[in-house]
Amino acid sequence: MSNKRPNEFVIMPKSSSTIDTTDNTTTTVGAVIFRNINNKKKFLLVQENDGQYGLAGGAKDIEDKDIIATLQRELEEELSLLPTDYKFEKTDTSIEFVYGHRSSTRFGKKGVTVYFLVEVFNPEQIKASSELKDILWASGDEAVEKLAFEEVKNGFREVVNNLDK
């Protein structure tokens with residue numbers, strides 16, 4: 001016999017998305033978001049709740065039509081940005097790596113990050129979501145110093161070097 005009363009119901013949480021692991025590889029996006037301040041470029045870093053800095057972005061979900069849909073979803077989830085709030089360009093930079101963060105369920109698995117260059121029309125409207133601890137605008141050198149993972153630093157450097165050409 002159930003303890004539930006006849007008119008009682010339970011609200012189930014929205015199911016979480018499933019990460020696309022086609023070919024045993026997790027594809028992620030890395031958004032190199034920039035703005036010009038006094039003719040100098042500043043780049044947006046996101047600080048994860050564990051304190052580490054990275055770029056806005058994340059893993060492609062099965063529900064994402066393509067990698068551009070992943071970029072748009074991640075920018076909305078992390079920074080409250082809609083596609084009308086920025087322009088983007090897919091770069092030729094993609095970095096393959098193996099997840100090395102021991103506490104991650106992806107530890108030891110293959111990943112590839114596809115990098116996008118993103119220019120936000122109104123940077124003041126960016127709001128860090130609860131997924132993040134904070135956001136920070138940094139120079140290129142400061143960004144490289146703060147980024148937590150070597151493969152992210154390498155991808156960032158490659159995108160920024162091509163931006164200056």
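The legends below describe several close-up views of a predicted model of one protein chain.

**Figure 1. The protein chain as a whole, with three helices and seven strands.** Read along the sequence, the helices and strands of the chain follow the pattern β-β-β-β-α-β-β-β-α-α. The chain has 165 residues, and 41% of them count as buried. Among the contacts in the chain with a separation of 6 or more, 68% are accounted for by residues that are 24 or more positions apart.

**Figure 2. The aromatic pair of F43 and F156, one of three aromatic pairs found in a search of the whole structure.** The rings of F43 and F156 meet edge-to-face, with 5.1 Å from centre to centre and 85° between the planes. This pair links distant parts of the chain, since F43 belongs to strand β2 (residues 40-48) and F156 to helix α3 (residues 150-163), 113 residues apart. F43 counts as buried because its relative accessible area is 3%, a value under 20%. F156 is likewise buried, with a relative accessibility of 2%.

**Figure 3. The aromatic pair of F88 and F116, which is also edge-to-face.** Here the ring centres are 5.9 Å apart and the planes make an angle of 65°. F88 lies in strand β5 (residues 86-98) and F116 in strand β6 (residues 110-120), so that the pair links parts of the chain that are distant, 28 residues apart. Is F88 buried or partly exposed? With a relative accessibility of 31%, F88 counts as partly exposed, whereas F116, at 0%, counts as buried. Y86 joins F88 and F116 to form one aromatic cluster.

**Figure 4. A charged side chain over a ring, formed by R35 and W137.** The charged end of R35 sits over the ring of W137, at 4.8 Å from the centre of that ring.

**Figure 5. The largest nonpolar core, which has 18 residues.** The residues with the most contacts inside this core are I33, L75, L79 and V118. Two or more residues come to this core from each of the elements β1 (25-37), β2, α1 (67-79) and β6. What does L79 touch, once residues up to four places away in sequence are not counted? The residues that L79 touches are I33, L44, V46, A56, E74, I126, K127, L132 and I135. Another core, of 17 residues, lies apart from the largest one, and V32, F34, V152 and F156 are among its residues.

**Figure 6. Helix α1 and the elements that surround its buried residues.** The 13 residues of α1 should span 18 Å at 1.5 Å a residue, and this agrees with its end C-alpha atoms, which are 18 Å apart. Its buried residues are I67, A69, T70, L71, R73, E74, L75, E78 and L79, and they pack against β1, β2, β4 (56-59), β5, β6 and β7 (132-138). At the start of the helix, a side-chain oxygen of D66 comes to within 3.1 Å of the backbone nitrogen of I68. R73, which lies in this helix, counts as buried because its relative accessibility is 17%, a value under 20%. Not counting residues up to four places away in sequence, R73 touches A59, K60, D61 and D64.

**Figure 7. A143 in helix α2 (residues 140-146).** A143 is buried, with a relative accessible area of 0%. Leaving aside neighbours within four places in sequence, A143 is in contact with L45, A138 and F156. A143 and L44 are 99 residues apart in sequence, yet their C-alpha atoms are 8.3 Å apart in space.

**Figure 8. Two loop residues with a positive phi, N39 and S80.** Most residues other than glycine have a negative phi. N39, which is not a glycine, has a positive phi near 65°, and N39 is found in the loop between β1 and β2. S80 is not a glycine either, and its phi is positive at about 60°. S80 follows α1 and lies in the loop between α1 and β5. How exposed is each of these residues? N39 counts as exposed because its relative accessible area is 81%, a value over 50%, whereas S80, at 37% relative accessibility, counts as partly exposed.

Notes
Residues are numbered from 1 along each chain as its sequence is written. This is a predicted model: local features need pLDDT of at least 70, side-chain atom pairs count only at pLDDT 80 or more; totals for chains, interfaces and linings use all residues. Side-chain values use heavy atoms; hydrogens and water are left out. Rings of Phe, Tyr and Trp (its six-membered ring) pair if their centres lie within 6.5 Å; planes under 30 degrees apart count as stacked, over 60 as edge-to-face and the rest as tilted. Helices (H or I, at least four residues) and strands (E, at least two) are DSSP runs, numbered from the N terminus. Buried means under 20% relative accessible area, exposed over 50%, partly exposed in between (1.4 Å probe, protein chains only). A charge sits over a ring if NZ of Lys or CZ of Arg is within 6 Å of the ring centre and within 35 degrees of the ring normal. A nonpolar core is a set of buried Ala, Val, Leu, Ile, Met, Phe, Trp, Tyr and Cys residues joined through side-chain atoms within 4.5 Å. Contact means heavy atoms within 4.5 Å. The expected span of a helix is 1.5 Å times one less than its number of residues. A polar contact is a pair of N or O atoms within 3.5 Å; within protein, one must be able to donate a hydrogen and the other to accept it, and residues adjacent in sequence count only if both atoms are side-chain atoms.
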